[in-house]
Every structure is written in C-alpha cells, then in structure tokens.
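Please read the points below alongside the model. They are notes from a colleague, set out by topic.

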Amino acid sequence: MDPAPSSPPARRAVVCCGSSVGVVNHLAGADLPGVQYLRTLSEAHELASTLTSCKSVVVVGGGFIGLEVAAAATRHGAAVTVVEALDRPMARAVSETISAFFVDEHAKRGVQWRLGVGVARIEEKNGRAAGVHTSDGETIAADIIVVGVGVIPNTELAANAGLQVDNGIVVDRHLLTDDEDISAIGDCASYPNTAGTGRLRLESIQNAVDHARCVANRLVGNDLPYASVPWFWTEQYSSKLQMAGLVTGHNNTVVRGSITDGEFSVFCFADDQLLGVESVNRTRDHMAARKLLAANVTPERDQVTDLDFDLKSLARALNRPG
C-alpha cells in the first residue's frame with residue numbers, strides 16, 4: 001500500500017524590518033562625527049558615554065526621544081537647546097496641555113527652546129560637528145548634536161517582493177499583506193485604525209509586541225483581528241507620562257487632578273467620544289483609561305473631574321454578567 005501523500009509545507013512569512021534614520025539623506029552635515037542618533041543599543045551606549053563629558057548639546061527634534069535625551073543631558077550638567085520645527089513639542093502625539101507642561105518642566109531646568117524653527121545645516125569645525133544653523137539664521141554651538149527626527153519605515157524588502165507599500169507595508173485587520181502568506185508587523189506596518197478612522201503606522205514597543213502576539217495567535221489557529229488599544233510612555237525628570245489611545249482629532253479636553261502639582265490626566269474627546277487619555281504621574285488613571293477605551297466606554301465629564309470616582313468601575317460594570 002502506497003503511503004498517503006503528504007500535505008505541502010505551509011508557507012508563512014512575517015516581515016518585521018522596523019524603521020531607520022532617514023534624515024542623513026537630506027540634512028547637510030548629518031553624517032559628521034559629533035552627530036549622534038538613538039536607534040540602536042550601540043548608539044545608546046555611545047550617547048551615554050558622551051553625555052558624561054560634553055558641556056553643550058543641541059537636540060534636533062522635540063519628540064519623545066529628543067526630550068528624553070534633553071532630560072538626560074541636563075542631569076549630567078550640559079547646557080541643552082531643543083530645536084523643533086513644529087510650534088510645540090510632541091505635537092503629533094499629545095495635547096497642547098501636555099506639550100505646555102513639558103516645555104515648563106524642561107525650562108525650569110535651564111533647557112532653551114527653539115520652537116517653530118528648522119535646521120538648515122549642521123556646522124563643521126575641524127572635521128567635526130560644532131553646532132547647527134537654523135532656518136531663521138541663528139547658529140547654535142554645541143559639543144554634540146543629537147538628532148531625534150527623520151525615521152522612515154524599512155519597506156524595501158516588501159516593495160521588491162511586489163507587496164503594496166504606502167507609508168509602510170499595507171496590511172489588513174489581521175495584519176496580512178496582499179499576499180495571504182505574508183504578514184507585516186511593527187514600525188514598518190501600516191494597518192487599519194481600530195477606531196475605524198483611516199490607517200496607522202505606529203513606532204512603539206507596545207505596538208510591535210501586540211502585533212507579534214496577534215500574528216502568532218493566527219498562525220496557531222486563533223485568527224482574530226488586531227484590536228489592541230495603543231499605549232505609550234515617556235519619563236522625563238520626575239514626570240512619567242503614560243498615554244492610552246490616540247488623541248489626534250480631539251476637540252475638547254477635561255483635566256483630572258492638578259497640573260500645578262504635576263499629577264494629572266488629560267481626557268481628550270472628539271465631541272462626546274473619548275479618544276485618549278494622557279496621564280502624568282497618575283498610573284491608576286492610565287490603567288483605567290486602557291480598560292475604558294478597550295470597552296469603548298466614555299465617562300461623563302463630572303466623573304472625570306471627581307477624584308473619588310472609580311473610573312475602572314465603568315468598564316467593570318459593562319463587562320459584568322447579567
């Protein structure tokens with residue numbers, strides 16, 4: 001008796017190429033010694049070593065990475081200037097309230113801000129970077145320049161394979177590309193917003209890990225669409241900012257807690273729908289927000305401002321049987 005024919009081997013591939021620094025392609029002087037980036041472990045070690053001895057630092061970019069570097073450099077005693085092309089820091093990710101709070105936190109420690117200003121070129125002296133020349137004509141001298149802008153998704157492999165690419169590798173709600181045997185996850189993947197509004201490409205640890213879990217579950221037979229609530233964090237000085245959801249598109253906010261005391265949360269709404277919550281040193285609010293957003297529950301304004309009200313109880317009540 002002939003043996004039963006074996007099934008063809010399953011073909012599965014997961015593309016997780018991440019992202020890379022793209023600013024060196026268009027900024028004059030960006031490849032000079034003394035210009036540092038923070039994308040790899042070796043770059044982190046190099047920067048940590050450099051910060052112990054430099055007296056002045058220019059940080060190009062007022063995002064999470066740039067401001068964390070600014071805080072670290074300030075703690076080491078360096079004079080720090082942050083140059084940000086937009087009119088406020090972290091503008092793509094946080095509300096105006098959060099931006100203003102962190103501008104003040106850095107300014108209290110001597111950080112100089114140049115907001116709404118770009119970098120025209122990096123100045124050179126004796127073969128090394130010596131500062132930046134801004135778009136409004138100012139030259140700011142520095143021992144080192146840390147660049148925290150210009151990240152691009154690594155999509156070359158997918159494009160060469162004929163997969164659809166549009167600001168990332170295009171995937172569906174199950175993180176599948178237009179080839180059903182290929183998935184894409186993490187920084188390089190452009191996926192449908194779980195809120196139903198367009199597409200997202202997020203650069204965060206949480207996003208990459210949750211993408212991986214979703215695809216791993218599908219590969220072992222538990223095929224569910226990706227539905228994780230995005231969450232992020234950054235620590236600068238004694239302030240820990242934790243964010244749940246995405247606040248882009250919000251048109252009104254409610255503050256819970258005290259901005260003056262540095263312990264507060266900003267609840268961001270689009271009309272009457274909760275989009276996201278930004279919490280500074282209020283971890284309980286952050287954890288409650290993740291549950292509320294996952295359950296698609298929007299609290300009332302007076303519930304948000306009442307510090308005695310248990311926000312988690314709203315999500316628990318929704319999930320309670322009977």
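The points cover the basis of the model, one helix, the nonpolar core and a small set of strands.

1. This is a predicted model, in which local features need pLDDT of at least 70 and side-chain atom pairs count only at pLDDT 80 or more, while totals for chains, interfaces and linings use all residues. Residues are numbered from 1 along each chain as its sequence is written, and side-chain values use heavy atoms, with hydrogens and water left out.

2. Helix H2 spans residues 64-75; helices are DSSP runs of H or I with at least four residues, strands are runs of E with at least two, and both are numbered from the N terminus. H2 has 12 residues and reaches 17 Å from first to last C-alpha, close to the expected 16 Å (1.5 Å times one less than the number of residues). Just after H2, Gly 77 has a positive phi of about 95°.

3. The buried residues of H2 (under 20% relative accessible area, 1.4 Å probe, protein chains only) include Leu 67, Val 69 and Ala 70.

4. The largest nonpolar core (buried Ala, Val, Leu, Ile, Met, Phe, Trp, Tyr and Cys joined through side-chain atoms within 4.5 Å) has 50 residues. Leu 51, Val 57, Val 80, Val 82, Ile 98 and Leu 175 touch the most other members. H2 gives the most to this core, with 6 residues.

5. Strands S12, S14 and S15 form an open sheet in that order, with mixed pairing (two strands pair if DSSP finds at least two bridges between them). The edge strands are S12 (169-170) and S15 (199-200). S12 pairs with S14 (residues 189-192) in the parallel sense over 2 bridges, and Ile 169 has Ala 189 as its bridge partner in S14.
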